[in-house]
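Biologist: Please take one chain of this complex and go through it closely, in words a first-year student can follow. Where other chains help to set the scene, bring them in too.

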Amino acid sequence: MRGPAPTTRARSRRQLQQNKATKLAFHVYLRTGLCIPGRRTFANRLFQLVEVNVMKAFLLACIAAAIVAALAVGILNRVQQPVEQAFATSAVRL
Amino acid sequence: MAFFGKYLRLVLGACAFLLIIATSTPSGAQQVNPTASSVKEQQLLQELNRVQGRVSIPDQRSGVLEQPAGRDWREFRNVTLRWIGGIAILGMLAMLAIFYLSRGMVRLESGRSGRSIVRFTAFERFVHWMTATCFIILAISGLNITFGRPLLLPLIGFEAFSEWSQWAKYAHNYLSFPFTIGVVLIFLMWIVGNIPNKVDVDWLKRGGGLVGHDHPPAYRFNAGQKAIYWIVVIGGAAVAGTGYELMFPFYLSGIEGMQLAEIVHSVVAVLFVAAMLAHIYIGTVGMEGAFEAMGSGTVDINWAKEHHRLWLEEENARTGANDARPQPAATAAE
Amino acid sequence: MARMKFLCDADRCIECNACVTACKNEHEVPWGINRRRVVTINDGKPGERSISMACMHCTDAPCAAVCPVNCFYTTADGVVLHSKDLCIGCGYCFYACPFGAPQYPKVGNFGSRGKMDKCTYCAGGPEADGSKEEYEKYGANRLAEGKLPLCAEMCSTKSLLAGDGEIIAQIYKERVTKRGYGSGAWGWKTAYRETIES
């Protein structure tokens, strides 16, 4: 699934605002004075990148990593024993 | 007369008794060493480099009385590893800085065409970013174990540093699982495009276009990328394998094995970090039009022509079109 | 200033484990953690030897050197102690220790190995001497009361000696001279980089 092509000329300020996730960041961005719509500034290009598909794949990746890690916590904590259980026999507890 | 005899026997008996006592006192020359045949510490250390025996404690690992190899490991970990890591990482950063200052960003010579072609699917990008994000956190938490104490601890103090290190250790241990899954998926996903061939030899001979304005042809992955692929797969397997051995202490090996696992894990890891710095550089600052391959999944046609010409030709032949599929939004905007 | 050390006379140790019992009892050491242990070499064969081993409180302690969070400290007496509050349970001190002194409450390294525990030379930890917090974390602090470690005090044959290094070395040398044999002070070369000439 491809998103729109990242060309500066096609973008306007309104289109940049459409993605909810970047709305707040966009307002901050406006205040910095870096935003010069229509110009090929580094900040503009960066913003387009952030807004498009990087977000989805990257966010999904972070979430997936967190989920796998959490599963690992659960499983391994069950497998592992504290030493008072691991090193005790019915005859000896030292 | 009889009385005198009894008295004489008494005296003789007493003298004999005293004589026995006197001669039975131990003197130096008659001493026995009951432990003459026992082992000596230095002998055991020389023969086996460890001293081990039997214990009545259920944890049989406590039967190792002495393992001086721990001191060698300490020397490696505190001195040698820090040198290796420092030189590898700082050296790579210096090389990248020099390269950027002299060559600058590799620009698209023919500029952007406005048309693009899909380079990586969403799944490929997902796997890459999962592995990459985990790698960043694993690298930082891992480097903290080696370099945190001399570099960071003096800045933030004991309590804060311990707290940070504790969480870093948890992150390191648990993010290893998604990282390993990612490396396995990367291995399977991209093995087809990463088998070295003759084109790679030519590419390398022409320096990959690093110097000057050469554009040696390449398929989907050029020789530099293939090198990164194999570093990730082989290095990733090495750190994952030794890492799990470290996370399951003494399941697979004794103490020498654990020390060796730590050595291999740390050396491979610092070299891995150095290699990834170069990869991150070329994928972001180092080359125009490169990041979007993994960012949005599509690259500009001119970028594909200049850097992966043979791959572009393959893709065109596959889709049966002369040009790549143009983006509707792009043509509409123009 | 005294430099505290341990010396186990391997020719006198009879593996009675009184030292182990004394330590466990005095500090209420939990099950599974063995601050002191008795190792028997060549068990059952001629020339059997037993040695009581805990932390040797080394000069230039390797555990302190490799700790990633620098939770160890050496007191003025040469006793090597650590802070359980700073410890992150990574297990490195165990790999570096020649004597296997560090002990951990958990087997694996998943959640955490837990806070490292080891022989404290009956000198407690960073908390205030004799306080409840110190006892709960590290056990009794006998040194602050002017007493020597309980393991050596309880040794049934006086094979385990604890105290100022010069004094116990002297005691050991006299013993060896008197009886005519001695296998040396086990662990001294590794821990203190010195041997006792007998």
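Modeller: What follows is a close look at chain C, with chains A and B as its surroundings. The model is predicted.

A word on confidence comes before the details. For the complex, the predictor gives an ipTM of 0.89 and a pTM of 0.81. Chain C has a mean pLDDT of 91, and 96% of its residues reach 70 or more. Where pLDDT is low, predicted coordinates should not be read in detail.

Start with strand β1 of chain C, residues 4–8. Is this strand enclosed or open? All five of its five residues are buried, so β1(C) is largely enclosed by the rest of the structure. In a regular strand, side chains alternate between the two faces of the sheet. In β1(C), M4(C), F6(C) and C8(C) point one way, while K5(C) and L7(C) point the other way. The residues on both sides are buried, K5(C) included. The partner of β1(C) is strand β6 of chain C, residues 160–164. Five bridges join the two strands, and they run antiparallel. One place to look at this pairing is C8(C), which stands opposite L160(C) in β6(C).

Helix α6 of chain C covers residues 165–179, and K173(C) is found in this helix. K173(C) has 15 other C-beta atoms within 10 Å, so it counts as partly exposed. Another lysine, K137(C), is 36 residues away along the chain, and the C-alpha atoms of the two are separated by 37 Å.

Now turn to the loops. Most residues other than glycine have a negative phi. Two residues of chain C go against this. D60(C) is not a glycine, yet its phi is positive, about 55 degrees. D60(C) sits in the loop between β3 and α2 of chain C. It has 13 C-beta neighbours inside 10 Å and therefore counts as partly exposed. Y121(C) also has a positive phi, near 60 degrees, without being a glycine. The loop that holds Y121(C) runs between α3 and α4 of chain C. Y121(C) has 27 other C-beta atoms within 10 Å; the cut-off for a buried residue is 20 or more, so Y121(C) is buried.

The loop between α3 (92–96) and α4 (132–138) of chain C is also the place of G130(C). This glycine has 13 C-beta neighbours inside 10 Å, so it counts as partly exposed. Which residues does G130(C) touch, leaving aside those up to four places away in sequence? They are N141(C) and A144(C). A further residue, E145(C), is 15 residues from G130(C) in sequence, and the two C-alpha atoms are 8.7 Å apart in space.

Next come the contacts of chain C with other chains. Where chains C and B meet, the contact takes 40 residues from chain C and 47 residues from chain B. On the side of chain C, the elements that give two or more residues are β2 (37–41), β3 (49–53), α2 (62–66) and α3. Of these, β2(C) gives the most, with five residues. By class, this side of chain C has 22 nonpolar, 14 polar and four charged residues.

Chain C also touches chain A. There, twelve residues of chain C are in contact with twelve residues of chain A. The side of chain C in this contact has seven nonpolar, four polar and one charged residues.

A short look at the two neighbours completes the setting. Chain A has five helices and zero strands, and along its sequence it follows the pattern α-α-α-α-α. It has 94 residues, and buried residues make up 17% of them.

In chain B, one pair of helices can be picked out: α3 (residues 69–103) and α8 (residues 255–283). Their axes come within 9 Å and cross at roughly 5 degrees. That angle is under the cut-off of 35 degrees, so α3(B) is roughly parallel to α8(B). The contact between these helices has 19 nonpolar, three polar and one charged residues. From α3(B) the residues include W73(B), F76(B) and L93(B). From α8(B) they include E256(B), I263(B), V270(B) and Y281(B).

Technical notes
Residues numbered from 1 in each chain as written. Chains lettered and ligands numbered in written order. Predicted model: local features only at pLDDT ≥ 70, side-chain atom pairs only at ≥ 80, totals over all residues. Contact = placed C-beta atoms within 7 Å. Nonpolar A, V, L, I, M, F, W, Y, C, P; charged D, E, K, R; others polar. Helix = DSSP H or I, 4+ residues; strand = E, 2+ residues; numbered from the N terminus. Buried ≥ 20, exposed ≤ 12 C-beta atoms within 10 Å, placed from the backbone. pLDDT = per-residue confidence, 0-100. Axes fitted to C-alpha atoms, helices over the stretch in contact; angles between N-to-C directions. Parallel < 35°, antiparallel > 145°, perpendicular 65-115°, else oblique. Pairing = 2+ DSSP bridges.
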